[in-house]
Structures are given as C-alpha cells and as structure tokens.
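This report follows a two-chain model from a single residue outward to elements, chains and their contact. Please read it beside the structure shown here.

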Amino acid sequence: MRTVWFLVRKEFLQILRDHTTMVQIFMIPVVQLLVLANAATFDLKRTRLLVVDEDRTTVSAGLVQRLEGGRQFRVVREDASANEVEKALLEREVTAVIHIPRRFEEDLVQHRHATVQLVLNAEEGAATGIVQSNANAILAAYAAELNLTLPTVRNASGVTHPAPLDLRTQRRFNPTRNYKHYMVPALMVALTTIIGLLLTAQNITREYEIGTLEQLNVTPMTKIQFIAAKLIPFWIISLVIFTIGLVIGRLVFGIPMRGSLVLVYLAAIVYLIVVLGLGLWISTITRTQQQAMFVAFFVILIFLLMGGLFTPVESMPDWAQLVAQANPVKHFVFVMRAVLVKGAGLDTVGRPILGLAIGGFAILTLAVHRYRKTTA
Amino acid sequence: MKAFLGFVRKETLHLLRDRQTLAILLLLPPLQVLIFGFAVRTDVRKIPIVLVDPAPDVATLELRDRLAASERFRLLAVAPSTQVLDAQFRSGSIRQALVLPRDVERRLGRGDSLPIQLLTDGSDPNTGGIMQGYATAVVQRWYTDAVPSGNGLRIDASSRLRYNPTLESSHLFVPGLVAFVLTIMSAMMTAISITREKETGTMEMLLVSPIRPSAIVAGKVTPYVVLAFVSVLLVLIAARTVFQVPQRGSLALLLGECGLYILTALALGIVISTQAPTQRTAMIFALAGLMMPTMLLSGFIFPLDSLPVWLRAISNVVPARWFLLIVRGIMIKGAGLATLWQETLILVGMTAFFLIVGSRKLAIRLG
C-alpha cells in the first residue's frame with residue numbers, strides 16, 4: 001500500500017510541476033463548456049426565406065405574414081426568376097424558397113384546397129427536416145384560420161362539419177425546451193473523457209519513450225500496484241474536472257438537479273475507472289506517444305459519435321446500436337441525463353451503473369495483464 | 001536546396017521505418033469515415049412510440065397501421081391505458097406516446113371534437129421537436145383522410161429538397177467527416193513530430209545545422225503532406241464506392257481544395273508545436289483543444305444558423321467550417337470556384353497566417 005502511495009505522489013508531483021499541462025487540462029474543459037454549450041442546438045431561428053408570390057392577393061400576403069410573424073423565418077428576398085432562385089440556393093443566400101402559385105386564393109375559395117411549393121436547401125440534413133416541419137406547421141395553422149374566416153362557395157348545403165381535430169401536444173421532462181439542460185451534461189462527459197483518456201493513454205508510453213519505465217520495472221512493485229498508481233492520480237484529477245463542470249452547469253446554465261447527486265457521483269466514479277483503465281490499456285499496447293495519441297483519438301471519436309450525445313442512438317443501424325451497448329459514454333450520459341433532468345432513481349440507472357462497473361473491472365484486468373515488466 | 005532535400009529524405013525515412021505508426025496514420029481516416037458513415041445518422045428514425053387506444057375500432061386500426069408502416073416510428077405496443085407510460089418514459093424505453101379517446105369512429109361520424117394527446121420525451125429538445133413534428137404530420141394526414149369528404153380547408157406544401165432529395169444522412173455526414181478527421185489528424189501529426197524532436201533533444205542539433213529554421217519545418221511537413229493526401233484519396237474512394245456520395249463538381253477542384261486544406265491543418269500543427277514544450281502539451285492542445293470546437297462549430301453536426309450571433313462570429317476562425325462548405329459545395333451541390341472563391345481565399349489566408357506565425361515563433365527560439 002505504501003508503495004502505491006509513493007508512486008501516486010510521484011505522479012501528482014510530475015503533473016503539478018508541469019504548469020502548461022495543468023493550465024491546459026483545467027482551462028480547456030471550462031472554456032469549451034462555457035462556449036460550446038451554446039452551439040449544440042437545432043433550434044433554427046429566422047431561417048432565410050425567399051418568397052415568390054405570383055398570386056398577390058390578401059390571402060397569399062397573409063401567408064407570407066404568418067411565415068414572417070413567428071421567429072422561424074425571415075424573408076430576405078421577394079420575387080426572383082427561376083435562375084435567381086437557383087443561384088440564391090447555391091450560394092446559400094437563402095435556405096428555403098416558398099412559391100405561391102397564381103390562383104392560390106381562388107383555389108382556396110372554390111376548392112378549399114391549394115398547394116404551395118416549398119424548395120429547401122437540403123445540404124444540412126437534419127436541419128432541413130426541421131425547417132420543413134416548421135413551415136408545415138405554419139401552413140396548417142393558417143389553413144385552420146382560413147377555414148373559419150374565408151367565405152365558401154360550395155358548402156352551403158348543410159353538410160355536417162367534420163369532427164374538429166384537437167391535437168394537444170405535451171413535452172415531458174423539459175417543458176422550457178432548454179436544450180442546454182440536455183447538452184451540458186453530455187458536453188461535461190465528453191470533455192472529461194477526452195482529457196482523462198488522453199492523459200492516461202500518453203502516460204506509460206511516455207515513460208517508455210524516455211526510458212524511465214525500465215527503472216520502474218526493476219523495482220519490486222507488482223503489476224497491480226503499478227496500474228493502480230497510474231490510475232489514482234488521474235482519477236482524482238478527472239473527478240475535479242467533472243465537479244467543476246457540474247458547478248458551471250448549475251450556476252451558469254442552471255441545469256436542474258432533480259435526482260440524487262450521490263447517484264451522479266457513484267456513476268462518475270465507476271465511469272472514470274472504465275475510461276482511465278482504457279487509456280492505460282492503450283498505453284500498454286502502443287510503443288510511441290504518437291501511436292498512443294492516434295489510437296486514443298480513434299477511441300474517443302467512436303465514444304462520442306456513437307454514444308448518442310449529439311445524434312439519437314435509435315436512428316443508428318442495428319449493428320451500431322449493438323456496438324453502442326458496449327460504449328461507456330452512452331451509459332454514463334444516459335445516467336447523467338436521467339438523474340439530473342428526469343430525476344430518475346436507482347431502479348432506472350442501477351443497471352447501467354452495474355454495467356459500467358463490470359466494464360471497469362474487465363478493462364483494468366486487461367491492462368494489468370497486458371502490462372509487461374520485462375521489455376523485449 | 002540539396003541540404004533541404006537531404007532533410008526531407010531523413011524525415012521520410014523516419015516515417016517509413018516506423019511501419020506501425022505509418023499504418024495508423026494512413027488507414028485511420030478511411031476507417032473512421034467507413035465506420036461513422038455507416039453508424040451515425042443525423043436524422044431521426046425508428047422512434048419508439050406507444051399508442052394508447054382504449055377501444056380499438058376501424059379508424060384507430062388505420063392509424064395504428066400507418067404508424068407501424070412508417071420508417072420514422074417503431075410502434076412498440078398498443079396499450080389499453082396510460083398506466084405504465086410514466087415508467088416507460090422515465091426509463092427511456094419509449095420516446096413518444098399517442099393517447100386516443102374512446103369512440104374515435106363514432107366521434108368522426110357525428111362530428112364531435114376529437115381530443116388526441118401527443119406526449120413527447122422533450123429531454124432532448126432538438127430531437128423532441130423533430131419527433132413532435134413527425135407524429136403531428138402522421139395524425140393530421142390520418143385525420144384528413146378519415147373525415148368524410150374534405151370540408152376542412154387545406155393548404156398543402158409540395159416540398160422539393162434540393163441537392164439531397166432523400167435526405168440521405170451519409171451524403172452529408174461523410175463530407176463533414178472528411179473535414180473533421182483531416183483537421184485533427186493533420187494538426188496532430190506535425191505538432192507531435194516537431195515536439196518530439198524538442199523532447200528528445202534533437203531539435204537543438206537541427207537548429208545549429210546550416211539549414212534555416214523555416215526549411216526545417218518545411219522538411220518536416222513535406223512527408224506528412226504526401227501521407228495526408230494519400231489518406232484523403234482513400235477517404236474519397238470510400239465515399240464514392242461505399243456510400244455513393246455524389247461528386248457533382250469538378251474532381252480536380254476537390255483534390256486541389258483538399259491539398260490546400262491539408263496545408264492549413266499542418267500549418268496549424270506547426271503553430272501548436274512552436275507553443276508546446278512537450279508532446280503531452282502539444283497533443284492536449286491538438287486533440288482536446290481542437291476536437292470539440294471543430295465538431296460543434298463547423299456545421300458538421302449542428303447547423304451554424306442556429307448559433308447565437310456572437311458564437312457564429314467565433315465560428316469564423318474555425319478552419320474546418322470553411323472547408324466543410326467547400327467540400328459539400330463541390331460534392332453535393334456541384335458548385336465551382338465561381339461560388340466558392342471566398343471560402344478558398346479565407347483558407348489561403350489562414351494558411352499563410354499560420355505559416356508566418358509558426359516560422360516567427362521558431363526563429364525567436366533560436367535567438
């Protein structure tokens with residue numbers, strides 16, 4: 001135990017002495033959390049819209065007004081030839097074009113039905129879908145409004161009115177629709193993971209590269225002691241970073257903390273063992289820091305992109321969802337979001353935490369096993 | 001010149017000798033594009049939904065069929081009551097629930113009001129909004145078809161999605177991945193290779209040699225330019241053959257722009273390496289410092305239009321943001337230099353800036 005303790009002290013001193021690194025590992029997560037929390041959103045405001053109104057009636061003008069009235073669209077240009085429309089889309093001057101045909105009002109009065117054309121720049125996939133459903137919602141609302149006010153030609157014969165559809169939508173858990181409450185926990189996890197994994201992945205290869213690993217290898221310390229001594233300092237540092245993130249999340253972004261903080265920390269403690277253990281394992285299988293870095297980069301990218309942080313896991317193909325089950329980030333982010341935002345308890349998050357614990361045990365065993373005290 | 005070529009030769013030999021690293025550098029980018037191109041989808045599909053239908057009849061069966069047939073939804077169950085919904089929402093096993101009243105068929109016939117409740121897991125407001133939009137569309141279409149001959153006034157939108165009519169996720173994601181992976185890999189390669197010489201002490205030796213500092217840097221970067229370019233070619237081949245990402249613009253222009261961007265990213269790596277004393281600081285800077293900003297401020301995942309104004313201003317200094325516009329422009333939209341000259345010019349300017357700052361800093365270390 002004393003051996004481990006001395007080594008832990010040595011690691012701590014080494015890191016604390018390196019001022020540049022110290023500043024980096026604390027400043028980078030803090031600054032990025034503060035800035036990037038504002039970026040992770042699909043909340044499209046004021047989409048640039050081009051209106052081609054060939055009808056030029058009060059009804060068509062009303063439609064343009066409704067489109068502009070919400071905050072979702074902003075008419076930047078009116079009336080353009082087909083060529084100009086092409087050019088505006090190609091050069092990203094506008095994102096959407098709405099084309100109201102001649103006889104729009106007439107069709108509505110006579111047939112109670114008209115069609116407008118909506119052209120969208122589908123260059124940004126998911127965003128396009130949102131713009132489209134925004135536009136459809138405004139069209140539907142306007143149609144409902146006109147249904148009551150617009151004089152009718154046909155319907156004088158006393159046909160029964162259809163049942164009015166009364167669709168009430170409700171969003172659970174995040175009624176204010178503050179995406180930051182959802183994204184800040186994910187960003188915290190991402191940033192802590194990146195720093196923790198990089199530091200550990202680089203650690204043993206560094207000792208190997210500068211030759212000090214040999215010196216450690218000739219000491220009587222066991223493999224388990226060695227891995228433990230390498231793990232504990234970074235574990236503490238990562239927990240500190242995580243705590244700073246949590247404080248910022250609470251004070252700056254006002255993320256709710258509906259569930260138990262003890263649960264959050266229990267999950268964090270277990271999760272960090274998985275990530276740091278993985279970093280140490282990478283460190284034992286690579287020969288140079290360069291290799292270790294690129295492998296770590298690869299692993300981090302898989303963790304982040306396939307963990308449901310920014311894109312929904314449900315949309316992924318089945319095999320990828322299966323792989324995602326082995327992704328610690330996915331489970332930890334799930335626990336964080338569930339406990340903080342939804343106020344979930346141990347009955348909901350117990351299983352993922354147990355899964356993380358098993359993963360942590362497995363990866364540490366692997367790291368200890370893979371680490372060789374003898375060099376070829 | 002001869003000294004320079006000799007130096008380039010030395011660097012190339014360094015790189016070629018270390019087979020393991022070479023393989024990692026060359027194959028990692030295409031591998032990443034392959035995996036993520038397949039695995040990650042930015043659109044929302046297969047939303048787990050529950051239909052609460054206390055008294056099934058013909059009309060509600062029709063709605064059930066429509067939900068089951070839709071690619072967007074995965075109809076998990078048809079429940080008689082709302083009892084278990086809370087627990088299911090909390091555990092995340094369902095994301096939406098549609099609650100129907102009794103007597104749907106009769107209400108439709110009689111003209112009573114039809115109260116339907118749509119519950120959506122809003123903990124992720126991004127996808128929450130999208131899911132709500134999809135479900136609303138399904139219900140509304142079902143309703144218009146179900147009511148006896150349309151008395152309600154309708155305005156339909158016939159949508160044309162330009163450049164990517166099927167909204168195929170990989171066509172947009174793959175160009176984004178190219179920009180993202182290229183930035184990190186290239187910046188990291190030079191940053192680490194230069195700081196390693198510092199750490200092992202061989203940089204001092206190089207600096208006292210008659211080769212000029214800028215030539216040292218150029219010599220170190222040259223093999224990586226070639227390496228990164230080969231890697232890009234592999235990535236583009238994968239994009240074309242595996243994902244059928246269209247190549248609507250000129251291939252020569254695309255390759256030229258990729259070459260330019262490799263230079264930009266490598267030059268960024270040079271700047272990082274001049275600031276960092278050790279490989280550790282260099283790689284924390286290159287990876288932890290660049291990764292998230294490049295991912296979130298480039299339009300790779302989230303649309304730049306949704307950023308607040310001040311953040312959009314900041315995003316202008318992210319090189320990948322401009323390269324992403326160029327790659328998508330050429331590949332997806334078939335744009336030419338006439339449209340993309342501004343973005344190209346910005347990248348040229350950034351590269352020049354990085355190179356000047358990098359060589360200045362290196363020269364200062366000499367004195």
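Trp235(A) has its place in helix H9 of chain A, in a model that is predicted. Is this tryptophan buried or exposed? Trp235(A) counts as buried because 20 other C-beta atoms lie within 10 Å of its own, and 20 is the number at which a residue begins to be classed in that way. Once neighbours within four places in sequence are left aside, the residues in contact with Trp235(A) are Leu272(A), Ile273(A) and Leu276(A). For Leu272(A), the separation from Trp235(A) is 37 residues along the chain, whereas their C-alpha atoms are 6.5 Å apart.

Helix H9 of chain A, which spans residues 223-251, also takes part in covering the buried residues of helix H2 of chain A. That cover includes helix H7 (179-210) of chain A as well, and from chain B it includes helix H11 (279-289) and helix H12 (291-296). The residues of H2(A) that are buried are Ile25(A), Ile28(A), Pro29(A), Gln32(A), Leu33(A) and Leu36(A). Helix H2 of chain A itself runs through residues 19-36, and its 18 residues reach 25 Å from the first C-alpha to the last, which is close to the 26 Å expected at 1.5 Å a residue. Within H2(A) there is nevertheless a kink of about 30 degrees at Met27(A), shortly before the proline Pro29(A), and Pro29(A) is itself among the buried residues of this helix.

The two chains also meet through strands. Strand E4 of chain A (residues 113-121) and strand E5 of chain B (residues 154-162) run parallel and are joined by nine bridges; in this pairing, Val119(A) has Arg160(B) as its bridge partner in E5(B). Taken over the whole interface, 104 residues of chain B are in contact with 108 residues of chain A. On the side of chain B that touches chain A, the largest share, 13 residues, is supplied by helix H6 (residues 125-146) of chain B. By residue class, that side of chain B divides into 54 nonpolar, 33 polar and 17 charged residues.

Parallel pairing is found within chain B too, where strand E1 (residues 47-52) and strand E2 (residues 73-79) are linked by six bridges. In this pair, Pro48(B) stands opposite Arg74(B) of E2(B). Strand E1 of chain B is mostly covered, five of its six residues being buried.

The overall values for each chain are set out below.

| Chain | Secondary structure | Radius of gyration | C-alpha box along the principal axes | Buried share |
|---|---|---|---|---|
| Chain A | 14 helices and five strands | 29 Å | roughly 100 × 50 × 40 Å | 47% of 376 residues |
| Chain B | 15 helices and five strands | 28 Å | roughly 95 × 45 × 40 Å | 49% of 367 residues |

For chain A, the radius of gyration of 29 Å may be set against a value near 21 Å for a compact globule of 376 residues. For chain B, with 28 Å, the corresponding value for a compact globule of 367 residues is likewise near 21 Å. Among contacts in chain A between residues at least 6 apart in sequence, 79% join residues at least 24 apart, and in chain B the share of such contacts, counted from the 6-residue limit, that join residues at least 24 apart is 80%.

Terms used: Residues are numbered from 1 along each chain as its sequence is written. Chains are lettered from A and ligands numbered from 1 in the order in which they are written. This is a predicted model: local features need pLDDT of at least 70, side-chain atom pairs count only at pLDDT 80 or more; totals for chains, interfaces and linings use all residues. Helices (H or I, at least four residues) and strands (E, at least two) are DSSP runs, numbered from the N terminus. The expected span of a helix is 1.5 Å times one less than its number of residues. The bend at a residue is the angle between axes fitted to the seven residues ending there and the seven starting there. A residue is buried if 20 or more other C-beta atoms lie within 10 Å of its own, exposed if 12 or fewer, and partly exposed in between; C-beta atoms are placed from the backbone. Two residues are in contact if their C-beta atoms, placed from the backbone, lie within 7 Å. Ala, Val, Leu, Ile, Met, Phe, Trp, Tyr, Cys and Pro count as nonpolar, Asp, Glu, Lys and Arg as charged, and the others, Gly among them, as polar. Two strands pair if DSSP finds at least two bridges between them. The radius of gyration is taken over C-alpha atoms; the globule rule is 2.2 Å times the number of residues to the power 0.38.
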